[in-house]
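Student: I should like to work through a protein chain with you, beginning with its overall form and then turning to individual parts.

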Amino acid sequence: MLGTLYVVATPIGNLKDITLRALEVLKSVDCVACEDTRVTSKLLNRYGIPKPLISYHEHNERRRAKELIERLQRGESVALVSDAGTPALSDPGAHLVAGAASQGITCVPVPGPSAFPALLAVSGWETDRVVFAGFPPSRASEKQRFLTTITEPGIYCFFESPHRILSLLRQLDKLWNRPQIVLGRELTKMHEEILRGSAAELGRILAERERIRGEFVLLVRKPEEHQAIRSGGSLQQEYERLLKSGVDRKKALKILAKEHGLSRKEIYSRLMKKESN
């Protein structure tokens, strides 16, 4: 008889946020697969749960997944946890779940804490459609390409480290036309902080601090593309602003034509005249 893989959400800071069901599952399984055994030990010790811990992180997940699946095939039950929040959500876990499912092993979600919905609940924004974008690329050039591929308006959620948060805010301000942001830092922890404002405003607040600490989650409202041309300037500047935001040339002409009540041909003609002068 095959075992069961439980994907268990654990607290993102406050250990009291663990669910009763999660505690029951952790007590019942044969072993716990976790990112950092030291972090998970603190949680299990807090609730008096002595269980064998097996390290499962981004550097060993393929090798370890094979071992864990073999244990599941022998009938053992395994709980998969991350250091904080829900496994496989910008954390290791998807490879193990996919491998277990392919072998006919039952995978059971045990939902609980996650920084994404926690911040969403106190954003005060209408949230019919929110896109989870996870961690942006770490390198500035790759981050810029990543952000410019997102062209649809809406609310996007990002995770970011304290070392790269200013870089992300600068690029969002530049590429997404000064978007509004709700930013959460150290959610559920002693120094929890929630800030609201434009990317530039939040960037200035954080830059003034002697040291930036903690993990960040951001909700970013990307405006409609045509709003980019309402910020003033010449037709040429409006056109260039749209191109920098990731809009292709053909679509930029279409947006400008609609905004100015002209045909795309006329907009193109005026831009060419500006370049030739």
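Tutor: The questions below pass from the whole chain to one helix and then to two residues. This is a predicted model, in which local features need pLDDT of at least 70, side-chain atom pairs count only at pLDDT 80 or more, and totals for chains, interfaces and linings use all residues. Residues are numbered from 1 along each chain as its sequence is written, and side-chain values use heavy atoms, with hydrogens and water left out.

Student: How many helices and strands are there in the protein chain?

Tutor: Helices (H or I, at least four residues) and strands (E, at least two) are DSSP runs, numbered from the N terminus. On that basis the protein chain has 11 helices and 10 strands.

Student: Why is the chain described as more spread out than a compact globule?

Tutor: The globule rule is 2.2 Å times the number of residues to the power 0.38, and the radius of gyration is taken over C-alpha atoms. For 277 residues the rule gives 19 Å; the chain is more spread out than a compact globule because its radius of gyration is well over that, at 24 Å.

Student: Which residues of α3 are buried?

Tutor: Helix α3 covers residues 61-73. Buried means under 20% relative accessible area, with a 1.4 Å probe and protein chains only; exposed means over 50%, and partly exposed lies in between. The buried residues of α3 are Arg64, Ala65, Leu68, Ile69 and Leu72.

Student: Within what arc do these buried residues fall, seen down the axis of α3?

Tutor: An α-helix has 3.6 residues a turn, so residues three or four places apart point the same way. The arc is that of the directions from the helix axis to the C-beta atoms. The buried residues of α3 line one face of the helix, because they fall within an arc of 140°.

Student: Which elements do the buried residues of α3 pack against?

Tutor: Contact means heavy atoms within 4.5 Å. The buried residues of α3 pack against β1, β2 (31-34), β3 (53-55), β4 (78-80) and α4 (94-102).

Student: Is threonine 4 buried or exposed?

Tutor: Threonine 4 is found in strand β1 (residues 4-8). Not counting residues up to four places away in sequence, threonine 4 touches Leu72, Glu76, Ser77, Val78, Thr106 and Val108. Its relative accessibility is 18%, so threonine 4 counts as buried.

Student: Is proline 111 buried or exposed?

Tutor: Proline 111 is in the loop between β5 (106-110) and α5 (115-121). Its contacts, not counting residues up to four places away in sequence, are Ala9, Thr19 and Arg21. Because its relative accessibility is 57%, proline 111 counts as exposed.

Terms used:
The expected span of a helix is 1.5 Å times one less than its number of residues.
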